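Welcome! Grab your favourite viewer and work through a few short exercises with us.

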Amino acid sequence: NEDWYYMGRLLKKIGNFDSALECFDNFLEKTDDLKLQSKAYYHKGRIYLSMLKKEREFITMSRKERENIDYEKILEYFENATKHYPLNYIFWYSKGIVYRELGQHTKCIECMDKVLEINPNNYYAHYYKALSLRKLKKYKKALEHFDYCLKKAPKYFYAIAEKGRTLYFLKRYEESLEYFNKSISIKPNKYYLWIGKGDVLLALQKPNEALKCFDEALRLKPNDKDAQFKKGISLIKLKRYNEALNCFTKVNNIDKWYYTGLVYKKLGEFDNALKCYSEYLKHKPNDYYALYEMGYSLARLRKYESA
């Protein structure tokens with residue numbers, strides 16, 4: 001029976017994932033060895049994650065593509081692994097990553113805590129725990145774990161970049177900029193770092209420098225909607241309104257309607273501004289900034305009762 005297990009390990013190692021899965025399935029049907037069972041389940045889970053990464057770089061997958069992944073199925077394998085052999089920290093680590101992808105951040109944190117009980121120096125666990133804490137808006141706590149991660153691994157690029165983003169959420173903009181500059185010096189071709197740096201520069205009221213960052217992000221990834229949208233915001237602040245309008249025509253998020261309305265307001269085209277605010281308020285009816293701007297535009301058009 002163990003031959004199926006070790007054959008599965010070998011096939012997994014050489015990248016023959018389908019045959020490896022068959023071997024692990026055969027092994028699980030015939031064995032009573034709980035320790036090897038847990039490892040077989042673990043390897044099945046890792047194979048499914050590896051198959052995803054084989055198709056495309058996981059970080060570049062869109063939210064819609066990620067939603068089509070059967071994480072529940074993958075989670076089941078890691079659940080079985082931790083159930084049968086709870087002292088293996090790698091099982092808990094893998095399970096935690098899947099919980100994070102499912103948006104279950106509290107459970108991800110619980111898994112990473114189990115990792116740290118077994119292996120206190122595992123800086124990856126601190127990294128993923130920090131990411132989930134940040135999703136729960138526990139920014140200061142997240143920062144503590146990024147710091148611990150960087151204490152153990154000072155050159156861990158992803159922790160440097162994500163610490164910069166966390167400092168941004170804490171409105172510690174100068175420190176945030178320092179970490180984005182550091183991460184860009186390590187990997188200047190990561191477009192999302194330029195977007196992050198641009199966000200910080202906008203917050204620091206430096207739209208001209210921010211614009212350069214968003215342009216660099218678009219050079220690296222020409223069709224990125226987020227960079228295009230934020231480029232438009234920078235152009236508004238620089239009073240380059242027609243260029244800003246051109247940016248907003250290339251994105252399809254809800255917020256573009258608010259900012260397009262602002263541009264038309266600046267251009268004195270209040271009818272067009274009203275159309276934009278109306279579209280925006282369909283999705284965010286309680287946004288008082290948009291309600292104010294709509295009232296202002298109505299007043300400029302002398303529609304006082306509606307205003």
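The exercises below go from salt bridges to a pocket, the surface and the backbone, each with a worked solution.

The model is predicted, so local features need pLDDT of at least 70 and side-chain atom pairs count only at pLDDT 80 or more, while totals for chains, interfaces and linings use all residues. Residues are numbered from 1 along each chain as its sequence is written, and side-chain values use heavy atoms, with hydrogens and water left out.

**Exercise 1. Salt bridges between helices**

Find how many salt bridges the structure holds, and work out which helices are linked by the pair Arg134 and Glu162.

Solution. Start with the idea: side chains of opposite charge can pair when their charged atoms come close. Here a salt bridge is a side-chain nitrogen of Lys or Arg within 4 Å of a carboxyl oxygen of Asp or Glu. The structure holds 16 of them.

Next, take Arg134 and Glu162, whose closest N and O atoms are 2.7 Å apart. Arg134 sits in helix 8 (residues 123-135) and Glu162 in helix 10, so the pair links distant parts of the chain, 28 residues apart. Helices are DSSP runs of H or I with at least four residues, numbered from the N terminus. Both Arg134 and Glu162 are buried, where buried means under 20% relative accessible area, exposed over 50%, and partly exposed in between (1.4 Å probe, protein chains only).

Now turn to Lys231 and Asp215, with closest N and O atoms 3.0 Å apart. Lys231 is in helix 14 and Asp215 in helix 13 (residues 207-220), so this salt bridge ties together parts that are 16 residues apart in sequence. Asp215 is partly exposed, because its relative accessibility is 33%.

**Exercise 2. A bridge within one helix**

Explain why Glu216 and Arg219 are separated by about one helical turn.

Solution. First, the contact: the side chains of Glu216 and Arg219 meet in a salt bridge of 2.7 Å, N to O. Second, the spacing: Glu216 and Arg219 are about one helical turn apart because they are three residues apart in helix 13. Third, the surroundings: Arg219 counts as exposed because its relative accessible area is 54%. As an extra, look at Asp199, Asp226 and Lys230, which are joined into one network by salt bridges that share partners.

**Exercise 3. The second largest pocket**

Describe the second largest pocket: what is its volume, and which helix gives the most to its lining?

Solution. A pocket is defined on a 1 Å grid over the protein atoms alone, as an open set of points where a 1.4 Å probe fits, with protein on both sides within 12 Å along at least five of seven lines; lining residues have an atom within 4 Å of a point. The volume, meaning the space filled by probe spheres set on the points, is about 530 Å³ for the second largest pocket. Of its 19 lining residues, Tyr168, Leu202, Lys230, Ile233 and Tyr259 are the closest to the centre. Helix 10 (157-169), helix 12 (191-203), helix 14 (225-237) and helix 16 (255-266) each give two or more residues. Helix 14 gives the most, with seven. By type, the lining divides into 10 nonpolar, three polar and six charged residues; Ala, Val, Leu, Ile, Met, Phe, Trp, Tyr, Cys and Pro count as nonpolar, Asp, Glu, Lys and Arg as charged, and the others, Gly among them, as polar.

**Exercise 4. Buried or exposed?**

Decide whether Val200 is buried or exposed, and then do likewise for Met7.

Solution. Val200 is found in helix 12. Val200 is buried, because its relative accessible area is 0%. Met7, in helix 1 (residues 2-13), is partly exposed because its value is 39%. Together with Leu10 and Ile14, Met7 forms a nonpolar surface patch with about 310 Å² of accessible area. Such patches take residues with over 30% relative accessible area and no salt bridge, nonpolar side chains (Val, Leu, Ile, Met, Phe, Trp, Tyr) being joined within 5 Å and like charges within 9 Å; areas come from the Shrake-Rupley method with a 1.4 Å probe.

**Exercise 5. Positive phi**

Locate Lys171 and Arg302 along the chain.

Solution. Recall that most residues other than glycine have a negative phi. Lys171, in the loop between helix 10 and helix 11 (173-186), has a positive phi of about 65°. Arg302, in the segment after helix 18 (288-300), has a positive phi near 65°. Lys171 is exposed because its relative accessibility is 62%, and Arg302 is exposed because its relative accessible area is 68%.
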